[in-house]
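Please open the structure in your viewer and keep the selection panel at hand. The stops below are meant to be taken in order.

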Amino acid sequence: AEGGTFSKLSTVSSCTVKNPRAGATRVTLFEWCDGALCRIHTLAVIDRSDAATWLGAFELLRRELVRSFGAPDEEQTQFPAECEQDFSGCVRAGKASALYRWSWPDGHAVLLRLGEMGEVPATISVSYANPSGNPSQ
């Protein structure tokens with residue numbers, strides 16, 4: 001990736017790109033199941049801590065996914081008013097979170113999350129999985 005860092009472990013490859021102009025770092029993870037690509041995650045780690053920045057980015061992604069796939073099959077949101085100023089702190093603490101999930105009968109799934117993603121505590125992420133890598137969380 002131009003200006004990014006690529007790494008590969010046994011079952012996960014990643015590409016990290018910092019974008020100071022956008023105020024975020026994008027990490028794309030590629031997961032391999034039985035030697036084939038089964039999951040792709042794109043994470044945005046946002047530099048600013050305010051709710052407007054986080055929720056604006058999240059809402060933009062949510063609208064695009066709804067336009068592409070229709071209403072989600074599952075929705076969970078928790079955005080307390082107390083988190084307005086230090087939204088990223090609330091995400092790290094688990095007070096603010098969201099999950100939207102689209103699933104298909106053949107086992108494919110798309111997830112939009114705001115919250116922790118593995119060892120990364122505060123991100124907005126979009127994940128895609130084929131039937132062999134369908135994420136359950």
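The tour goes first to charged side chains and then to aromatic rings.

This is a predicted model, in which local features need pLDDT of at least 70 and side-chain atom pairs count only at pLDDT 80 or more, while totals for chains, interfaces and linings use all residues. Residues are numbered from 1 along each chain as its sequence is written, and side-chain values use heavy atoms, with hydrogens and water left out.

**Charged side chains**

A salt bridge here is a side-chain nitrogen of Lys or Arg within 4 Å of a carboxyl oxygen of Asp or Glu, and the count by this rule is six. Select Glu31 and Arg39, whose side chains form a salt bridge at 3.0 Å, N to O. Glu31 counts as buried because its relative accessibility is 19%; buried means under 20% relative accessible area, exposed over 50% and partly exposed in between, with a 1.4 Å probe and protein chains only.

Next select Arg48 and Asp50, which meet in a salt bridge at 3.2 Å, N to O. Arg48 is exposed, at 51% relative accessibility, whereas Asp50 is buried, at 18%.

Move on to helix α1, residues 51-69; helices (H or I, at least four residues) and strands (E, at least two) are DSSP runs, numbered from the N terminus. Select Arg67 and Glu64, where the salt bridge has an N to O distance of 2.2 Å. These two residues are three apart in the helix, so about one helical turn separates Arg67 from Glu64. Arg67 is exposed at 63%, and Glu64 is partly exposed at 36%. Then add Glu59, Arg62 and Arg63, which a network of salt bridges links.

**Aromatic rings**

Rings of Phe, Tyr and Trp (its six-membered ring) pair if their centres lie within 6.5 Å, with planes under 30 degrees apart counted as stacked, over 60 as edge-to-face and the rest as tilted. Six aromatic pairs result from this rule. Select Phe69 and Trp102: the ring centres are 6.3 Å apart and the planes are at 55°, so the pair is tilted. This pair links distant parts of the chain, from Phe69 in helix α1 to Trp102 in strand β6 (residues 97-103), 33 residues apart. Phe69 is partly exposed at 38%, whereas Trp102 is buried at 1%.

Keep Phe69 and add Trp104, where the centres are 5.3 Å apart and the planes at 75°, so the pair is edge-to-face. Trp104 lies in the loop between β6 and β7 (109-117), 35 residues from Phe69, and is partly exposed at 33%.

For the last stop, select Trp54, Phe58, Phe79, Phe87 and Tyr100, which ring pairs link into a cluster.
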